[in-house]
Each structure stands twice: as C-alpha cells, then as structure tokens.
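Trainee: Hi! Could you walk me through this one?
Mentor: Happy to; have a look first.

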Amino acid sequence: MKAMTLNREESKSSRRTFLAAWMAAGGVSIVGVPGVAGADPGHGNDSPPLAQKPSRELERILREVDQKRIEATVRKLVSFGTRHTLSVQDDPARGIGAARDWIFAEMSTYAADSGGRLTVELQSYVQEPDGGRIPVPTKITNVVATLRGTVAPDRVYVITGHYDSRVTDVMNATADAPGADDDASGVAVVMEAARVLAKHGSAATVIFAPVAGEEQGLYGSAHLAQVLQDAGADVQAMFTNDIVGSSTADDGTRDPRTIRLFTEGVPTDETPAEGNIRRAVGGENDSPARQLGRFVRDVADNDATGMGVRVIYRRDRYLRGGDHISFLERGFPAARFTEPNENYAHQHQDVRVENGVQFGDLIEFCDFAFMARVCKVNVATLWSAANAPGTPKNVKILTAALTNNTDLKWDRGTEPDLAGYEVVWRETTAPEWTHAIPVGDVTTVSVDMSKDNVFFGVRAVDKAGRRSPVAFPVPQS
Ligand SMILES: [Zn+2]
C-alpha cells in the first residue's frame, strides 16, 4: 500500500492563495436571492470552486434533450383526467392505470431503440389500508427502466418523478387532477433522460423510475427503495424531480434559469452512535446528500445545461416531503429537485376560478424550455456520476497518534480506468469544497494540515479526469 506526505509549504501556500482570492472577491457574495441587487440572474449561485467542465461528448448528449418530447409527455399525462393513486386502473383512457400503461409502452419504445441496454418493467405490490390515505387494498405500480452498467453494473444511480396526482381533497380519486407541474413535469424529465441516455449506455447502472403513491404517503418510492435495499444494491445517488415544471412565481416574476436542489444535513438514518461521532468531529454539513448537492453544482451548473443549481441546505421545503425521503430513510444518498418558486394556486388544488383567479395544476402554467433545462441538469449529473469512478468507500481519518497532520485512508475502487484520488478540503465555514490535492493512486495519505481546522474529503479520479462525488471521512482510532 503506497502512501505519501504532502509538503507543509505546498498546502499552506495553496491555502494562502485561496484566502487571497477570497478576500479579493470581497470576502462575501450575495447569491441567487430574487430581487436582491447583485444577485446573478442566470444562476442560483456563482460557479463552484471545483467545477468540472462538461466534456464534448456530454455537451453533444445534452443537445439531444428534446423540449417537444417533454411537452408531449406532459400533455399525454394530463389527458388521463386524473392520475390519483385510488383512481380507476382498468379504464384505457382515464385514471392512473391508463397513465401507467402509457408510460410503460412509451419507455418500452426507448428500450427497443437502445440495443438491449435499457429494460423496462412494471413493479407492483398491493398496499394494505393504512388507516389514512389508503382506505382499501390498492395496487401501486412503479414503471422501472434500468440502463444496465457496462463496467460497474452493481453501482446504481436512480432518478424518479411521481405520476400520481391529486386535488384539494387528497382522497378525491374522481375529480380532474391534471397534475401538470406536480408531477407530470418530473415524469417527463425522467422519461426524456431515459430516452437520451439509453442511446449512449453508461458505465454504472442508472434507474429511471416514474413512481406512484407519492401523494398518499410516498408509497411507490418506498417500495422501490426497499426492493433495492433487499437486493443489496449499491445506490450511490437518488434524485426525485418533483414540481419542476414552472419558472414563474405567484407574483408573476420569472426565474427560468434556476433549479433548487434540497439536500439534508444530519442524515435521516443517523444512528445514536453516529450522532455521537458527529458531535465530536463535526459533519452536520457533510452528509452524503450534501456531497451530492456539491457534486451536482460541480457538473451541472454551467452553460451546457443553461441552468444554475441553487442548493438548499434542508431536506425538503419547510415541513414538507417527497420521494427522496424513502431513500434517505434506507441509508441511500438522495436529494430533491424543485422549481425556484412554487405557486400554491397551481398545486393540490381543485380546478376552478375564484375571484377571477384560475386555480389548478394546469398545463397552461408550464414552461417546457425550463423543463428541458431541468432534464439537462439530470442528464449531466447522471452521466458524470455513472461514468466517473464510484464514491470512495471506507474513508477514515486515523486518530491513533495525536498529531497535527491528517492521516487519511480508504479502499481502492475496482474501475479499470481508475487513475487515483484527490483529497479535497475547505474551511469549516465554507459551503463548498474549495481545494483539491491530487495524491495519486494511493489508499493512504498524510496531509500536513490539521484536521482540527478544516474539513477533508476524498474523491476518485479516472484517466479521463472525471471525478466522483466526495466521501466524508469518519474517525478510526
Ligand atoms: Zn409532488
């Protein structure tokens, strides 16, 4: 096992360089706050310090995202009248069953064009009455399209949108519930990402899953996550696209080039023992979900997607939830994409006009160019993660000896094109990683900086320069 020691002056001078640049920039920046002078109208934030420029190949793939197909999908989904989870399942024209069958048939055409790379299945189970939003035994069906990895098929990335819909009364399964934004938009994004990526293949496995039962209690996503957990799947990232169809706020202002990404801090599945470690070494801001948020900023907040990613340090919107929580509860890193400003007149509402105001989740309020950019953010993220090496595993900071160095170790990945590793670090108060130190193809390193004063992480690099998401170390005595 090779090891290396970094020269104290090298690390100190890189830190001085960073601080000088930070101070020259004024030491403060106003980020993406609508209506605040100095905010960047094009992006949710400034470019991240460790941005990864998209390759030519990725730029070509992103140009294949077709806004017209996304629009056609949303129109088709809205045409089923309601997609309520308790609605009729055997009518060919109306209800969630018709929507399910159409999504399956449409994604099967992507599979047929994929040279065998993509397969599609209906994943069903019967949810028994829960004393709440499921009053009778109800078949819940996810449409699961799997793009099997060519190099690392056991490493899995997942994106979902939910195809069920609702109106004001969450138990009303018969009223028109168009659900154009919530969440035909997310389903359309997931389906278009599947269509585009299926033509190119992927080193790791990617699952594209329109799920059901979200509005009744995250049932479809919970089933999908449980099936993956029971199979021992190595899910390294999951993203739900939920309410990603409009760029217009309720006051009419538009923010067409920002998508929010909600990432939790303290992990939902943290054990008491892990909590004790976190209180002793920090890490409230370094959950796997936060590392995903930073990764998405690095690879997808750029001109190739045309979108700024505004990462929000919160699990979901205030007191609210979504399908990523099903994955977080089972220990999988997960996050939620949502439009920049929600309009509550257009979600979970009966379709009606009141005092001259149109209520309802209608297609006329959708912005299909915006959805296409959201799809590009998803494609850039999945392509970058699935073709880079996996996130390093078993990353530790060794603490047996009291020292002002920081001694790190991790397991070597098995990817054939693995080139080595980088130690990343930042000030404890910085939101994003600011420095990357290439350390070569090693599994231990001693960095001449104190673990007391900064945060460290480790990421893998392949021969093409693609970087994995960062793993945050835990102490090992
Ligand atoms: Zn939703």
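Trainee: Which residues in α9 meet which ones in α11?
Mentor: F295, V296, V299 and A300 in α9 meet V377, A380, T381, S384 and A385 in α11 (heavy atoms within 4.5 Å). Helices here are DSSP runs of H or I with at least four residues, and strands are E runs of at least two, numbered from the N terminus. This is a predicted model, where local features need pLDDT of at least 70, side-chain atom pairs count only at pLDDT 80 or more, and totals for chains, interfaces and linings use all residues. Residues are numbered from 1 along each chain as its sequence is written, and side-chain values use heavy atoms, leaving out hydrogens and water.

Trainee: New topic: which residues are the protein donors of the zinc ion?
Mentor: H162 (NE2), D182 (OD) and D242 (OD, listed twice) are the donors, 2.0 to 2.7 Å from the zinc ion. Donors are N, O and S atoms within 2.8 Å of the metal (3.2 Å for Na, K and Ca); water is not among the atoms, so sites may look incomplete.

Trainee: And where do D182 and D242 lie?
Mentor: D182 is in helix α5 (residues 180–198) and D242 in the loop between β5 (234–241) and β6 (258–263), so they tie together parts 60 residues apart in sequence.

Trainee: Are those two buried or exposed?
Mentor: Both D182 and D242 are buried. Buried means under 20% relative accessible area, exposed over 50%, and partly exposed in between (1.4 Å probe, protein chains only).

Trainee: What about K139, how does that count?
Mentor: K139 counts as partly exposed, because its relative accessibility is 40%. K139 lies in strand β2 (residues 138–147).
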